[in-house]
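This report describes selected features of one protein chain. Please keep the sequence and the model in view while reading.

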Amino acid sequence: MTQKIKDGELVDPKDVYFRSVPKFETSSERFQWITERVFIGVGIRKPTLVELQIFEVC
């Protein structure tokens, strides 16, 4: 599968476990709320990019 990624081939998302827990930082008072929340992310590896979907945990 690693070779497929290196060769720029599309890899089926069910074959790659891709999760993240992003942490945000900001000095803006307007967006301070984002530093106080918990988020999880699900990723899909595409030939030329990584696509992330980020969700707030309530």
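Is Asp12 buried, partly exposed or exposed? The model examined here is a predicted one. Asp12 has a relative accessibility of 35% and therefore counts as partly exposed, since the partly exposed class lies between the limits of 20% and 50%.

## Salt bridges

Side chains of opposite charge can pair when their charged atoms come close. In this model, 3 salt bridges are counted.

Asp12 takes part in one of them, with Lys14 as its partner; the closest N and O atoms of the pair are 4.0 Å apart. Lys14 counts as exposed because its relative accessibility is 71%, and the limit for that class is over 50%.

A salt bridge also joins Arg37 and Glu56, whose closest N and O atoms are 3.2 Å apart. This pair links distant parts of the chain, with the two positions 19 residues apart in numbering: Arg37 belongs to the loop between strands E1 (19-20) and E2, while Glu56 belongs to strand E3. Arg37 has a relative accessible area of 38% and so is partly exposed. Glu56, at 36%, is likewise classed as partly exposed.

Lys46 and Glu51 form a salt bridge as well, with an N to O distance of 2.9 Å. Glu51 is partly exposed at 33% relative accessibility, and Lys46 is partly exposed at 30%.

## The nonpolar surface patch

Which residues form a nonpolar patch on the surface? They are Val21, Val38, Ile40, Phe55 and Val57, and together they have about 440 Å² of accessible area. Strand E2 (38-45) and strand E3 (50-57) are the elements that each give two or more residues to this patch.

Phe55, one of the patch residues, lies in strand E3. With a relative accessibility of 40%, Phe55 counts as partly exposed. A residue needs over 30% relative accessible area to belong to a patch, so Phe55 passes this cut-off.

## The cavity

The model has 1 cavity of 30 Å³ or more. The space inside the largest cavity amounts to about 40 Å³.

Which residues line the largest cavity? The lining consists of Val11, Asp12, Pro13, Val16, Phe18, Gly43, Ile44 and Arg45. By type, the lining comprises 5 nonpolar, 1 polar and 2 charged residues. Asp12 thus appears in two settings: Asp12 is among the residues lining the largest cavity, and Asp12 forms a salt bridge with Lys14.

Key
Residues numbered from 1 in each chain as written. Predicted model: local features only at pLDDT ≥ 70, side-chain atom pairs only at ≥ 80, totals over all residues. Heavy atoms only, no water. Patch = residues over 30% accessible without salt bridge, like charges linked within 9 Å, V, L, I, M, F, W, Y side chains within 5 Å. Areas by Shrake-Rupley, 256 points an atom, 1.4 Å probe, with all protein chains shown as cover. Salt bridge = Lys/Arg side-chain N within 4 Å of Asp/Glu carboxyl O. Helix = DSSP H or I, 4+ residues; strand = E, 2+ residues; numbered from the N terminus. Buried < 20%, exposed > 50% of the residue type's maximum accessible area, 1.4 Å probe, protein only. 1 Å grid on protein atoms, 1.4 Å probe; cavity = no way out; pocket = protein on both sides within 12 Å on 5 of 7 lines; lining within 4 Å. Points joined across faces, edges and corners; volume = space filled by probe spheres on them. Nonpolar A, V, L, I, M, F, W, Y, C, P; charged D, E, K, R; others polar.
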